[in-house]
Structure formats: C-alpha cells, structure tokens
Amino acid sequence: MLLLAAAFIVAFVLLLYMVSPLISPKPLALPGAHVVVTGGSSGIGKCIAIECYKQGAFITLVARDENKLLQAKKEIEKHSINDKQVVLCISVDVSQDYGQVENVIKQAQEKLGPVDMLVNCAGTSVSGKFEDLEINYFERLMNINYLGSVYPSRAVITTMKERRMGRIVFVSSQAGQLGLFGFTAYSSSKFALRGLAEALQMEVKPYNIYITIAYPPDTDTPGFAEEKKTKQGNFNSSIGSDGYMLSSLTCGMSPVTSITEGLQQIVTMGLFRTIALFYLGSFDSIIRRCMIQKAKSETVDKTA
C-alpha cells in the first residue's frame with residue numbers, strides 16, 4: 001500500500017513537471033492597443049469591438065456593408081474613455097481576395113499602428129439536410145467561415161512575429177465541436193477553424209503570439225436570425241455547463257494554458273463522456289421519432 005502511494009506521488013510530480021511550462025500568457029493590455037475585428041458591423045463582432053473600446057483600445061472594423069459599418073462606428077464611439085481613441089472602418093469581403101485583405105490591413109496599420117489583436121468574427125450559417133443543400137452552400141460557407149479567417153490572420157502574422165507579441169481569436173461555434181443534424185456545411189467549416197488554430201498555435205507560440213478559439217452557442221445576432229429561417233429541429237445549448245463539458249470532451253490534442261485546466265480535463269473526462277452518451281442517445285432518438293412521424297404523415301397524405 002505504501003509503495004502504491006509512493007508511486008502515485010511520483011507520477012503526480014512527474015505530471016506537474018511535464019505541464020509546468022504551460023503557463024498562462026499575460027493578458028493583453030487593451031488601453032492603446034490596436035484591435036482589428038472582422039465581421040465587426042453587427043452581432044458578436046460589434047459587441048467585442050464595443051467591449052475593447054470601453055477598455056481604451058483603438059478599433060478597426062472590417063465588414064462588407066459600408067452603411068452598417070458607419071452605423072456600428074457611431075454606436076461604438078459612444079463608449080470612448082478618452083478623446084484619443086479612434087474607430088476606423090474598412091469595407092472589404094475578407095473571404096474573396098487575399099491581396100485586398102492584405103492591403104486593407106496595411107492601411108489600418110499605417111493609420112493606427114501594428115495590430116495587437118485580431119478577432120475573426122466574419123461568418124455565416126445555413127442549415128439543411130446534406131442532400132438538400134445546393135453544393136454552392138458548402139463552397140460559400142468554407143470561403144466565408146474558414147478562408148475569411150485565414151486571410152486576415154495571414155495578413156497580420158508577419159508583423160506580430162517581428163514584434164514578438166500578438167493575439168489572434170477565431171470565433172468558431174459549438175457546432176465546431178460537435179457535428180449536428182442539418183449542419184453538415186456549417187459544422188465542417190467551423191471544425192476547420194479548430195485545426196487551423198491548433199496548428200497555428202504550435203507555430204507562433206515561440207514568438208509570444210497566442211491563439212484563442214471561441215465556441216459560442218446559439219447567440220442572438222442578425223446572423224442567427226437569418227439562420228433560423230432554414231434551421232431544422234430545435235437544438236439549444238447554453239454557454240455554461242454544456243459549453244464547459246464540450247470543451248473538456250473535445251480537448252483531444254488541443255493545447256492548454258494552465259496546469260489547472262489540464263488537470264480538470266483529466267479528472268472530468270470519464271464523467272463527461274458518460275453524460276455525453278446520454279446526450280447522443282437523446283439526439284438519435286429525436287431524429288428517429290421525427291423520421292417516423294414524417295413517414296406516417298406522408299402515408300396519410302398519399303391515402304387521403
């Protein structure tokens with residue numbers, strides 16, 4: 001028994017030794033920082049821009065609709081904390097032409113200085129069964145949700161590496177952690193962001209550049225209102241316990257930023273996997289019931 005306890009202590013010490021380099025990066029000081037937000041004219045992007053502006057950041061908003069950009073600019077400027085802050089608006093489609101994206105980032109840096117943080121919020125969604133979706137939807141969502149984050153990130157990364165500092169945020173979705181019925185086009189584009197974020201973090205961590213990937217659930221935004229027009233089913237999740245459980249369950253080979261986070265994932269994995277099996281069983285049951293009801297309804301319509 002004593003030998004077992006000693007072995008456990010040794011194993012625990014070795015674990016701490018292995019994860020000891022995983023120290024959380026220092027928070028980025030937002031006062032005076034230059035923050036670029038794509039998809040910043042509405043929804044999550046605009047809210048992030050407002051919060052950063054409240055803390056003294058200089059903001060560059062990037063989106064397609066110039067009128068919405070100007071409206072967002074006026075709304076954000078109401079939250080200034082000093083008279084030096086600036087909100088710069090640039091109209092461009094971040095998913096179409098890398099050359100254009102690179103040029104607008106250069107313009108922003110010439111006016112407001114090097115980019116300290118890039119928040120990739122540009123994105124869209126459409127739902128429908130795999131065989132019912134037009135093939136162009138898969139191309140469109142991959143362009144906007146994936147390449148629309150690749151292009152701005154590529155445009156800022158060189159300067160960040162030269163300065164040995166920077167933050168890049170990718171806004172994915174809980175549908176980028178768990179494949180869901182009716183979201184084959186959307187989920188795949190959001191899953192792609194995770195692979196990009198994990199690989200990029202390995203490359204840039206030695207340069208003191210840190211990547212964050214966010215997994216928001218259904219959020220009350222104009223984009224979500226548009227999505228609901230085609231949304232099938234009624235799956236809802238919260239950012240609280242469900243979000244925490246999904247983050248632990250899908251951590252895999254993802255990097256961690258603290259010893260506590262890694263140990264929590266180790267301890268909770270088994271329990272969360274058990275709970276997840278009940279979730280998956282429930283989802284499958286709902287889909288089967290809907291299929292049966294649909295088949296019965298079609299039979300009744302044919303005989304009527």
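Buried here means under 20% relative accessible area. The model shown in these views is predicted.

**View 1. Strand S4 is covered on both faces.** S4 spans residues 117-120. In a regular strand, side chains alternate between the two faces of the sheet. Met-117 and Val-119 lie on one side of S4. Leu-118 and Asn-120 lie on the other. Each of these four residues is buried.

**View 2. Leu-118 has a partner in S1 and in S5.** Strands of a sheet pair through backbone hydrogen bonds, either parallel or antiparallel. Strand S1, residues 34-38, pairs with S4 in the parallel sense. The pairing of S1 and S4 counts 4 bridges. Within it, Val-36 stands opposite Leu-118. Strand S5, residues 166-171, also runs parallel to S4, and 4 bridges join the two. Here Ile-168 of S5 is the bridge partner of Leu-118. From S4 to S5 the chain passes through helix H5, residues 135-163. This β-α-β crossover is right-handed.

**View 3. Six strands form an open sheet with parallel pairing.** The strand order is S3-S2-S1-S4-S5-S6. S3 (87-91) and S6 (209-214) stand at the edges. Each has a single partner strand, so one side of each is left without a neighbour in the sheet. Neighbouring strands are turned by 15° against each other on average, direction ignored.

**View 4. Helices H4 and H5 pack on the sheet.** H4 covers residues 98-112. H4 lies across S1, S2 (58-63) and S3. The direction of H4 runs at about 165° to S3. H5 touches S1, S4, S5 and S6. The direction of H5 makes about 170° with that of S4.

**View 5. Model confidence varies along the chain.** The mean pLDDT of the protein chain is 81. A value of 70 or more is reached by 76% of its residues. Among the elements, S1 has the highest mean pLDDT, 97. Helix H7, residues 222-227, has the lowest, 42. Over residues 220-239, pLDDT stays under 50. For this stretch the model has 30 contacts beyond four places in sequence.

Terms used. Residues are numbered from 1 along each chain as its sequence is written. This is a predicted model: local features need pLDDT of at least 70, side-chain atom pairs count only at pLDDT 80 or more; totals for chains, interfaces and linings use all residues. Side-chain values use heavy atoms; hydrogens and water are left out. Buried means under 20% relative accessible area, exposed over 50%, partly exposed in between (1.4 Å probe, protein chains only). Two strands pair if DSSP finds at least two bridges between them. A crossover is right-handed if, with the strands pointing away from the viewer, the path from the first strand over the helix to the second runs clockwise. pLDDT is the predictor's confidence in each residue, from 0 to 100. Contact means heavy atoms within 4.5 Å. Axes are lines fitted to C-alpha atoms, for helices over the stretch in contact, and angles run from 0 to 180 degrees between N-to-C directions.
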